[in-house]
Amino acid sequence: VGEAHTKTISSLHMESWRTEMEEEINRINQVLPNIDRLWKTAAIRQWMDSVIDKIDHYKAEHHRYVKEAVTLLELAVWKAKLDEKDKNSAEGRTKTANIIDAESVRKEKRITCGADTVIRNILPYLQLE
């Protein structure tokens with residue numbers, strides 16, 4: 001297994017994934033000595049395919065988790081911005097004006113809450129190497 005794969009495996013965030021990958025990589029050392037020399041090339045190819053398939057699977061899972069986390073982070077930042085006390089209180093306005101104003105404020109806060117900046121600065125730490 002090359003250095004690039006080793007780096008990817010070590011950067012997997014789930015310990016169980018790292019452990020399973022290390023076991024799969026080490027499996028060839030137990031299997032290869034017991035295989036007839038005529039079948040060793042086929043066994044190595046099969047093992048390599050298995051390792052690459054598992055890495056691809058865990059990378060896909062990792063990206064799915066990151067996408068979910070980014071969505072939750074965006075919603076949390078938006079919610080925090082909505083919860084901030086607005087300096088311009090809605091006192092003295094009609095109920096209809098408050099509802100319309102609340103909807104427009106929610107839309108505006110979603111755009112201006114700064115989630116894109118937060119995500120841009122956090123995402124590099126969640127990427128696989």
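**Exercise 1.** Determine which residues serine 11 contacts and whether serine 11 is buried or exposed.

*Solution.* Leaving aside neighbours within four places in sequence, serine 11 is in contact (heavy atoms within 4.5 Å) with Leu128 and Glu129. The model is predicted: local features need pLDDT of at least 70, side-chain atom pairs count only at pLDDT 80 or more, and totals for chains, interfaces and linings use all residues. Residues are numbered from 1 along each chain as its sequence is written, and side-chain values use heavy atoms, with hydrogens and water left out. Next, serine 11 is placed in the loop between helix 1 (3-10) and helix 2; helices are DSSP runs of H or I, at least four residues, numbered from the N terminus. Finally, its relative accessible area is 13%, so serine 11 is buried (under 20% relative accessible area, 1.4 Å probe, protein chains only).

**Exercise 2.** Establish how helix 2 and helix 3 pack.

*Solution.* Helix 2 (residues 15-31) and helix 3 (residues 40-83) have axes 10 Å apart, at an angle of about 170°; axes are lines fitted to C-alpha atoms over the stretch in contact, and angles run from 0 to 180 degrees between N-to-C directions. Helix 2 is therefore roughly antiparallel (over 145 degrees) to helix 3. Helix 2 contributes residues including Trp17 and Met21 to the contact, and helix 3 residues including Trp47 and Tyr58.

**Exercise 3.** Identify the members of the largest nonpolar core.

*Solution.* A nonpolar core is a set of buried Ala, Val, Leu, Ile, Met, Phe, Trp, Tyr and Cys residues joined through side-chain atoms within 4.5 Å. The largest has 11 residues: Ile9, Leu12, Trp17, Met21, Ile25, Ile28, Trp47, Val51, Ile55, Tyr58 and Leu128. Helix 2 and helix 3 are the elements giving two or more residues to this core.

Note on methods. Angles under 35 degrees count as roughly parallel, over 145 as roughly antiparallel, 65 to 115 as roughly perpendicular and the rest as oblique. Buried means under 20% relative accessible area, exposed over 50%, partly exposed in between (1.4 Å probe, protein chains only).
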